[in-house]
Amino acid sequence: MSLLPAAGLVMILVGVASHYATRSLQGFSAFPAANVALGIALVLVGAAARARAFRGFSGAASRRVALRALAIFAAGAIAAIGLGVASRSWTARLDLTVDRLYTLSDQTRSLCAELDRSGAVAIELVFFEDALLAKDARLLVAAYGAACPRVSIRDASRSEPPAGARALYTTTATTVIACRGGVCDPVGYPSERNITAALLRLSSERSPRVFFLIGHGEVDLASESDGGYSGLAALLRDQGFDVRALVGPAAAEGPAGADVLIAAAPERDLLPEEIALLDRWLESGGRMLVLAEPGLRSNLYSDLLLRWGFDLEDGVIVDAAASPLLENPSPLNLLVHLFAPYHPVSRTLSRRTMVLMPTTRPVALARKPQPDDRLERIAFATERARVDHDLTRALAGRSPARSDAAIGEPAVAAAGSYPRGGTGAAGEASAAEARIVVIGDRDFASNRLIGALYNRDLLLNAARWLASDESRIALTDKAWTPNQDPLTLQQTVAYFYFLAFALPEALLLLGIYAWWRQRA
Amino acid sequence: MSARIEARNVSKRFGGVVALDDLSLDVAPGEVFGLIGPNGAGKTTFIRILTGFWLASEGDVRLDGVSVTRDRFRVQARLGYACEQPKLYADHSVDAFLRFVGGLRGLHGAGLRGAIGRSIERMGLEPVRGRRIGVLSKGFRQRVALAQALLHDPPLLVVDEPTVGLDPAQQIELRRILSGLRGTHTVLLCTHQLHEAEAICDRVALLDRGRLAAIATAEEIRAGAGLEALFLARVGRSAQAEPAT
Amino acid sequence: MIGRVLALARKELRQLFASPIAYVVGTAYVALTGIYFFQHLVSYNQLLFVYQSEGLGGGGFDQGTVPSHINVLNEVFVPAADDFGLFLLVVLPLVTMRVFAEERASGTDELLLTSGLRPFEVALAKHAVTYLFVVLLLAASAIYPAVVVSRAALGFEHLIALYVGQLCYGCAIASIGLACSSFTSSQIVAAVLGYSIPFVLLDFAWLSNAVSEPVARALGEIALLGHYGSFPRGVIELREVLYFASIAFLGWLASLTALELGRAR
């Protein structure tokens with residue numbers, strides 16, 4: 001083989017390698033490109049020279065043999081390519097994971113069969129191939145495409161998300177968005193439970209009912225002024241929620257017909273029977289979103305929420321760290337960018353998807369009602385934040401630099417899940433999960449701010465999580481590796497000696513022995 | 001058991017270079033047939049066509065009526081080939097190498113062991129049986145090459161320059177072995193050593209620039225001025241460049 | 001036929017393990033994979049310590065809970081599998097470069113091809129022995145994941161899926177290297193080709209800026225890495241196995257073609 005093609009291949013190799021080594025620094029650059037281009041040119045020149053030097057076959061027999069060999073190779077190549085193309089749509093697979101992570105459960109398959117039987121409008125799963133979790137999620141998403149006739153998979157890239165899903169593509173972790181007839185659901189973490197829940201939501205003939213509690217000084221849903229909250233109701237309606245007002249939960253219907261009850265910053269106490277009704281409703285698996293605000297006093301916060309594990313001590317969070325980023329900096333205006341990375345309400349939010357919350361009340365966690373309940377803080381101020389209980393002083397901007405109440409990373413929002421027994425439609429006992437989300441600010445959802453940054457995302461995530469009904473299909477996230485015990489120091493050292501030294505040493509000694517025997 | 005070779009109008013070209021030009025010859029069964037000629041005469045080319053390693057540009061060679069162009073594997077099954085500068089696996093022992101070749105030749109079990117034993121005995125390889133080929137002298141390596149060629153007792157033995165680099169005693173021994181095959185095997189001996197061809201061959205063909213320049217029996221050679229005179233008369237010079245291969 | 005192929009295969013095995021290259025390659029591969037596997041294991045270990053103290057997760061009410069997706073699979077096996085694949089690409093061309101090229105250079109191909117061996121038998125035996133070497137290489141490196149599996153209850157079936165993927169990937173790389181070796185008598189050239197072609201085929205992301213979307217997608221279908229991701233995650237997909245089998249088949253066919261073309265001079 002002549003020198004030119006070999007040199008050309010080396011240049012192509014260097015070009016490709018240098019591209020990989022530096023692409024995170026500066027993308028596609030001239031050095032790799034030049035190497036690859038020049039390398040290809042050298043290979044072609046060398047091949048052309050060799051072709052010119054070819055003097056032809058030495059006879060008819062040689063020609064026959066050569067042509068037959070090339071024809072066999074070409075046929076084999078075509079067959080291999082054809083097989084490759086044909087097999088792209090084959091879905092046969094062996095799931096050898098311990099918990100069959102990539103095999104759809106019977107419940108999901110039943111749902112898919114039900115969708116197919118009913119002739120429901122097809123649901124499209126938009127799969128972002130370049131998302132952070134794409135490699136892990138691809139196998140699971142492909143399973144839906146194979147098992148569900150009414151579900152199609154559409155590959156997308158984050159640089160050009162499809163129109164309907166564009167608004168829901170918030171972070172590089174967004175992997176799957178489910179869409180049906182122009183309405184899209186962000187799914188969240190791409191597990192079977194979440195994807196199936198999204199399918200369930202989208203295929204549901206009934207829109208989730210959201211009731212707003214009214215009559216205790218809550219926000220004005222009808223007002224279209226900057227301080228009004230008409231945008232909040234409109235947002236929920238746009239996202240497929242059936243929005244209604246519940247004038248006092250003691251009304252005949254009560255909250256029983258609601259999928260989600262929103263208490264948007266009540267300023268007055270509720271009636272004892274209202275508190276009791278809400279308590280009973282939550283015990284039966286009710287779902288509630290509470291917006292609070294510094295300075296508001298209501299037994300909703302001090303009685304009901306406290307009983308369910310939320311301590312809304314009155315005060316305002318003062319955080320100097322957020323201020324420099326705002327046009328009108330104030331330590332009371334929080335740019336919330338710290339979120340619980342794994343909770344369904346907050347996991348699509350991150351440092352790059354901030355929420356603006358002016359004058360926020362801290363949401364602390366109290367004792368949970370029952371041992372199996374789960375309470376989690378889902379959004380936080382920074383570690384330099386502190387709580388000032390003197391609202392007058394704080395609103396006047398005279399909060400002291402240091403405070404005894406400095407607690408570092410106070411939570412601005414929290415969520416709770418409460419497994420409870422409920423009563424089904426026919427009166428039978430059923431498993432139900434009550435959920436509560438508490439956000440320490442109401443202004444972020446006002447007409448003025450709901451379109452700011454990622455405020456609406458926090459709100460919609462909360463509403464969707466509260467409205468979601470995975471318990472209907474009783475899917476739990478499949479268990480991953482159960483054993484997460486870390487190694488001890490001794491084990492670490494032992495592994496290192498074995499892995500890095502003992503085994504290679506054994507092979508090398510074997511080689512030396514084989515070489516010695518050869519020479520003997 | 002011996003074989004007949006029939007070559008008809010065999011030509012071989014490499015681009016513009018003619019290595020063999022319309023060569024025709026016959027080798028009778030049981031004959032020790034010598035092929036001599038200057039460098040580049042086409043001797044090795046003809047052998048490589050006969051053994052099926054290369055294809056003839058024109059013409060054909062037949063072994064007992066079987067065409068090497070059309071059915072080279074049947075031809076290869078009936079010949080053993082010890083090439084010039086023996087191509088052996090230096091990291092194998094003699095025994096292991098013969099077992100390998102025996103496996104290629106379809107021998108196994110007791111048959112293979114017997115064949116190896118006979119080859120080793122015939123070629124005097126017993127002292128070096130377990131030694132690595134890479135450390136053997138040239139003479140022993142030549143013997144190993146011959147041993148593997150005779151392992152499956154083929155009707156035709158093709159040897160190319162078997163005594164190059166051997167000391168006189170080894171050369172005598174090798175000639176004795178080859179002569180001993182006369183009658184039971186056909187031997188095609190390709191050599192530069194005129195006296196060697198004169199001593200052991202029944203007939204000798206002289207090639208020059210790809211053509212058959214002369215062919216004579218041993219008696220005719222002895223009756224005449226000898227092979228050297230024949231060579232000088234027909235070829236007329238002492239050296240010639242090898243065609244490009 | 002089987003006898004001839006087995007005889008040649010035995011010869012190849014003997015030559016392979018008589019040469020120091022097999023042991024050097026094996027040692028290098030085992031050492032590299034061991035060190036990198038260990039590094040992933042240590043990182044995972046440190047991550048567990050961090051989660052089980054206060055740190056990440058926002059210090060939820062149930063402190064010390066490790067999120068379920070932080071586990072041996074995602075933090076150790078999958079990243080390690082990517083490393084292992086790269087190391088195979090580094091070491092295998094050193095083994096494949098001599099398989100055909102050395103025969104041509106030393107002239108022993110004449111011995112083989114005049115002894116009744118069919119070219120496809122030669123290609124078959126040499127490819128099979130090289131694949132067997134890949135199996136031995138992977139077996140040696142499987143010891144430490146197996147040890148971790150036994151601790152972490154990941155499941156040996158999962159480990160099988162991982163190593164089926166490694167085997168498919170390794171055989172494809174080896175097959176390309178063997179095909180390159182069969183077209184030349186120079187081991188250096190065979191090595192250069194054996195590195196270049198798989199490296200370029202690895203991932204066409206470097207071309208994505210220069211070509212249109214449909215072409216980029218088509219290239220993505222050819223890229224080696226794109227067909228490898230399911231195996232470390234415990235799933236054996238038929239189409240991915242067929243993809244690697246196709247490459248191995250084409251490599252074998254290319255070796256066969258080279259042998260036939262060598263005769264058609």
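Of the 210 residues in the largest nonpolar core, which touch the most other members? In this predicted model, they are Val176(A), Ala178(A), Leu188(B), Leu189(B) and Ala172(C). Let's take that core as a starting point and then walk through the sheets of chain B.

## The cores

Helix α8 of chain C, residues 156-182, gives the largest share of the 210-residue core, namely 14 residues. Chain A takes part too: domain 1 (3-92 + 491-519) and domain 2 (106-200) of chain A both hand over residues, so the core lies between them. As a bit of background, nonpolar side chains tend to be buried together in soluble globular proteins.

Take a look at Ala172(C). Leaving out residues up to four places away in sequence, Ala172(C) touches Leu224(C), Phe244(C), Ile247(C) and Ala248(C). There is also another core, apart from the one above, and it has 82 residues. Leu236(A), Val387(A), Tyr418(A) and Tyr454(A) are among them.

## Chain C as a whole

What is chain C built from? It has 11 helices and 1 strand. Reading from the N terminus, the order is α-α-α-α-α-α-α-α-α-α-β-α. Chain C has 265 residues, and 57% of them count as buried. Now think about contacts in chain C between residues at least 6 apart in sequence: 79% of these join residues at least 24 apart.

## The six-stranded sheet of chain B

On to chain B, where 6 strands make an open sheet with mixed pairing, in the order β6-β7-β8-β3-β9-β10. Which strands stand at the edges? They are β6 (79-82) and β10 (211-217) of chain B; each has a single partner strand, so one side of each is left without a neighbour in the sheet. From one strand to the next, the twist averages 15°. Helix α5 of chain B, residues 138-150, packs on this sheet and touches β6 and β7 (156-160) of chain B. The direction of this helix makes about 170° with that of β6(B).

Is β3(B) enclosed or open? Here 5 of the 5 residues are buried, so β3(B) is largely enclosed by the rest of the structure. In general, the side chains of a regular strand alternate between the two faces of the sheet. For β3(B), one side carries Val32(B), Gly34(B) and Ile36(B), the other carries Phe33(B) and Leu35(B), and all are buried.

Two strands pair with β3(B). Strand β3 (residues 32-36) and strand β9 (residues 203-208) of chain B run parallel and are joined by 4 bridges. With strand β8 (residues 186-190) of chain B, β3(B) also pairs in the parallel sense, over 4 bridges. Phe33(B) has a partner in each: Arg203(B) is its bridge partner in β9(B), while Leu188(B) stands opposite in β8(B). That second name should ring a bell, as Leu188(B) turned up in the core list at the start.

Out at the edge, β6(B) pairs with β7(B) in the parallel sense over 4 bridges. Leu79(B) and Tyr81(B) point one way from β6(B), Gly80(B) and Ala82(B) point the other way, and all are buried.

Here are some residue pairs from the sheets of chain B.

| Residue | Partner | Strand of the partner |
|---|---|---|
| Leu35(B) | Ala205(B) | β9(B) |
| Ala82(B) | Val159(B) | β7(B) |
| Glu6(B) | Asp26(B) | β2(B) |

## The four-stranded sheet of chain B

Chain B also has an open sheet of 4 strands, ordered β2-β1-β4-β5, and its pairing is antiparallel. Its edge strands, β2 (17-27) and β5 (66-67) of chain B, each pair on one side only. Strand β1 (residues 5-14) of chain B runs antiparallel to β2(B), and 7 bridges join them.

## Where chains A and B touch

How many residues does each chain bring to the contact? Chain A brings 7 residues and chain B brings 12 residues. On the chain A side, helix α3 of chain A (residues 60-87) provides the largest share, 3 residues. Sorted by class, that side has 2 nonpolar, 4 polar and 1 charged residues.

## One residue of chain A

Finally, find Leu334(A), which sits in strand β12 (residues 333-336) of chain A. Why is Leu334(A) called buried? Because it has 32 other C-beta atoms within 10 Å, and 20 or more count as buried. Leu334(A) and Leu101(A) are 233 residues apart in sequence, and from C-alpha to C-alpha they are 40 Å apart in space.

How values were computed. Residues numbered from 1 in each chain as written. Chains lettered and ligands numbered in written order. Predicted model: local features only at pLDDT ≥ 70, side-chain atom pairs only at ≥ 80, totals over all residues. Contact = placed C-beta atoms within 7 Å. Nonpolar A, V, L, I, M, F, W, Y, C, P; charged D, E, K, R; others polar. Core = buried A, V, L, I, M, F, W, Y, C linked by C-beta atoms within 7 Å. Buried ≥ 20, exposed ≤ 12 C-beta atoms within 10 Å, placed from the backbone. Domains from an automatic or database assignment. Pairing = 2+ DSSP bridges. Axes fitted to C-alpha atoms, helices over the stretch in contact; angles between N-to-C directions.
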